[in-house]
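Biologist: I would like a close look at a single part of this assembly, the chain with the two assigned domains, and at how it sits among its neighbours. Please take me through it in one connected account.

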Amino acid sequence: MWHWIQRFSSPKHFYGMSAPLIKWFSVSALLLGVYGLYLGLFVAPTDYQQGESYRIIFIHVPAAWMSMFVYMVMAVSSGIGIIWQIRLADMVAAASAPIGASFAFVALVTGSLWGKPMWGAYWVWDARLTSELILLFLYLGYMALQSAIEDQRSADKASGLLAIVGVVNIPIIHYSVEWWNTLHQGATVTKFDKPSMHIDMLIPLLLMAVAFKLFYAALVLVRTRNEALYRDRNRRWVRELVERL
Amino acid sequence: MLKAYYHLLIRDLRLALRSRHELANPLIFFVLVVTLFPLAVTPTPDALQTMAPGVIWVSALLAVLLSLDRLFKLDYEDGSLDQLMLSPNPLMILVLAKVTAHWFLTGLPLVIIAPLLGIFMSLPAEAVIVLIYSLLLGTPVLSLVGAIGVSLTVAVNRGGVLLSLIILPLYIPILIFGANAVDVAADGLPVTGQLLFLGAVLALALSLAPLATSVALRITASR
Amino acid sequence: MFEAKSLECVRDDRLLFNDLSFAVAESEVLQIEGANGSGKTSLLRILCGLRLPEAGQVLWQEESIISNREDYYASMVYIGHLPCVKGDLTVLENVRSLLDTRSLSLSNEQIEVALAKVGLASYEDVPGKALSSGQRRRILLAFIELSQAKLWILDEPLTALDVQGVTLMESMIMEHKQAGGSVVFTTHHGMQLECEMSSVQLGRRSRG
């Protein structure tokens, strides 16, 4: 079993295996995304409170979900990398960070664009937006630490540990920001959690969520392959690969 | 094991007391930063009182952050850190000793000087008492969590800004609850909830941070 | 007693050594040889468990040192390039704080005897910052002497030592060997040991 995991998780094996997966993931992400956007932008009914501007949630909400999800992926694979010394897991974590940061960034930008018609200001210290901003800072800290340490192996381990510490902290941060927000803004209507959603809005939202996930899967595979090539550039399997080109 | 904790704590305190001039620096910084706000914003008591909890807490946060460097830096530079890691005692205990020393040398002085700043910022007496309690519960967490950050960055050249980048987001819950406790107390409302939260975070940090720090130190040593 | 099993070490993308195996028995003195940058310090840090090897493991009493740190560290002592001396502590306090990390509480007399042996008699109360670099190294020699460790791992122990210091180090190693202890060391200075000594050559992937 152990031996099998070791072989399966070798960068070389991963490199060979991941190529067809990327194709499948990206094609299905594209199809689902186009269909989801079509349903979301043209088919879903206009919101009786927010008019057309609510349609940005079909980007905003999946991006926000993904930014959390990618951080979890990073923390879990960092944990695997630290505990079992599996290099591929470290590469996945390192490859995920910029993607997750971009999702957080997209969620912030779309959130503030949505805020303009809703609140009349591009930025309001809403609990979710603030949490998202802090999450972006956590990503940036991870990436800064990763690039500040020259030795690749300790860079992985150090930033991996930071990701794990971050994951322990995220619920605490989230809870305290929520609490801080209710305290300072009273019972304003939070536009982000609707008690119930029309099924015609829900379906495109879920489609988009799946599309984002597939998009991430394709992207992380591409980036991890690059990491594997770069880090193993002096190993034989990469040299052979280059020679065959 | 307790002995190892005690010896290291005493060693660090003794070292700090022998270079006393450095000891006062975070404290002066703390007072100085707080002083800047009435100058920059407004000295009217009402306005000061509104911003006091936040200003004092943010300044305390920064003062601790700037002093974190001395937690492991010197030991790293002269090789003592290697010797600590080769100790037959659990590294966690030694980390805890160093963090305790750090808190005695920075956190505790901040707590002691805080009433003065409360007066500077026109805080009512009840709020000053809560300020002391909140700092008493909050500053150890700042040292404990900060230790994780320093142990990851101690070997990085010019790691100061990097340290703030990775540590400050983790300090946010403490800031929110600490500052809010003082704020609420100034309005004469009960603050048990906030203090309990700070206590709970302290308990959590006390049990997890030394472990994370010792893992981080091993990572740092392995390059 | 002490065994390295097929160690591999990569530093900055450069393979320093791989499949390196050797064992150190009781009363054995082992020199790690190799040019600058051949990975001597990295190897010693791996042997201490400070650095993790890319592959392979280090065994102490047939157990991996990583899973058994406490036993291992109780029976070994390591001296690296750095002096480990605090300028603001006196010589006596410096030795004591080093011994404290090993949970050894010795009397002042015992420490003074060791200090006298390494040529620091009457320096007990001098602060570390007033010492020359050779004298700082001698504090480490007193520490090794008092450490009660079976295995000494010494990285360039002769750095900054004068002629008497070198002779002292040599005689300490000899005594330790006769008492059944083991030593693993690196040096660029010629160490004149009048005893059997094995060696490991780095950079050529062979054992001398």
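Modeller: In this predicted model, the centres of domain 1 and domain 2 of chain C, taken over C-alpha atoms, are separated by 23 Å. The domain assignment places residues 1–75 together with 150–208 in domain 1 of chain C, and residues 82–148 in domain 2 of chain C. Where the two domains meet, 10 residues of domain 1 of chain C are in contact with 9 residues of domain 2 of chain C. On the side that belongs to domain 1 of chain C, the most is given by helix 6 (residues 163–178) of chain C, with 5 residues. By class, that side of domain 1 of chain C, where it touches domain 2 of chain C, divides into 6 nonpolar residues, 3 polar residues and 1 charged residue.

Helix 6 of chain C leads on to the sheet, since it also lies across strand 3, strand 7 and strand 8 of chain C, running at about 150 degrees to strand 8 of chain C. The sheet itself is open and is formed by 5 strands of chain C in the order 6-7-8-3-9, with parallel pairing. Strand 6 (76–79) and strand 9 (198–201) of chain C are the edge strands, each pairing on one side only, and from one strand to the next the twist averages 15 degrees. Within this arrangement, strand 7 (residues 151–155) and strand 8 (residues 182–186) of chain C run parallel and are joined by 5 bridges; Leu154(C), for instance, has Phe185(C) in strand 8 of chain C as its bridge partner. Helix 1 (residues 40–48) of chain C packs on the sheet as well, touching strand 3 (29–33), strand 6, strand 7 and strand 8 of chain C, and its direction makes about 155 degrees with that of strand 7 of chain C.

Turning to the neighbours, the contact between chain C and chain B takes 22 residues from chain C and 21 residues from chain B. On the chain C side, helix 2 (69–74) and helix 3 (91–101) of chain C each supply at least two residues, and helix 3 of chain C gives the most, with 4 residues. The side of chain C that touches chain B has, by class, 12 nonpolar, 4 polar and 6 charged residues.

Chain B in turn meets chain A, in a contact that takes 23 residues from chain B and 23 residues from chain A. Helix 7 (125–153), helix 8 (160–186) and helix 9 (192–221) of chain B are the elements that give two or more residues to the side of chain B that touches chain A, and helix 8 of chain B gives the most, with 10 residues. By class, this side of chain B has 18 nonpolar, 4 polar and 1 charged residues.

Inside chain B, the axes of helix 2 (residues 20–40) and helix 3 (residues 45–67) of chain B come within 9 Å and cross at roughly 150 degrees, so these two helices of chain B are roughly antiparallel to each other. Helix 2 of chain B passes helix 3 of chain B in a right-handed crossing. Among the residues that meet there are Phe29(B), Phe30(B) and Phe37(B) from helix 2 of chain B, and Leu48(B), Met51(B) and Leu66(B) from helix 3 of chain B; by class, the contact of these helices of chain B has 15 nonpolar, 2 polar and no charged residues.

How values were computed
Residues are numbered from 1 along each chain as its sequence is written. Chains are lettered from A and ligands numbered from 1 in the order in which they are written. This is a predicted model: local features need pLDDT of at least 70, side-chain atom pairs count only at pLDDT 80 or more; totals for chains, interfaces and linings use all residues. Axes are lines fitted to C-alpha atoms, for helices over the stretch in contact, and angles run from 0 to 180 degrees between N-to-C directions. Angles under 35 degrees count as roughly parallel, over 145 as roughly antiparallel, 65 to 115 as roughly perpendicular and the rest as oblique. A crossing is left-handed if the near helix is turned anticlockwise from the far one by less than a right angle, and right-handed if clockwise. Two residues are in contact if their C-beta atoms, placed from the backbone, lie within 7 Å. Ala, Val, Leu, Ile, Met, Phe, Trp, Tyr, Cys and Pro count as nonpolar, Asp, Glu, Lys and Arg as charged, and the others, Gly among them, as polar. Domain bounds come from an automatic or database domain assignment. Two strands pair if DSSP finds at least two bridges between them.
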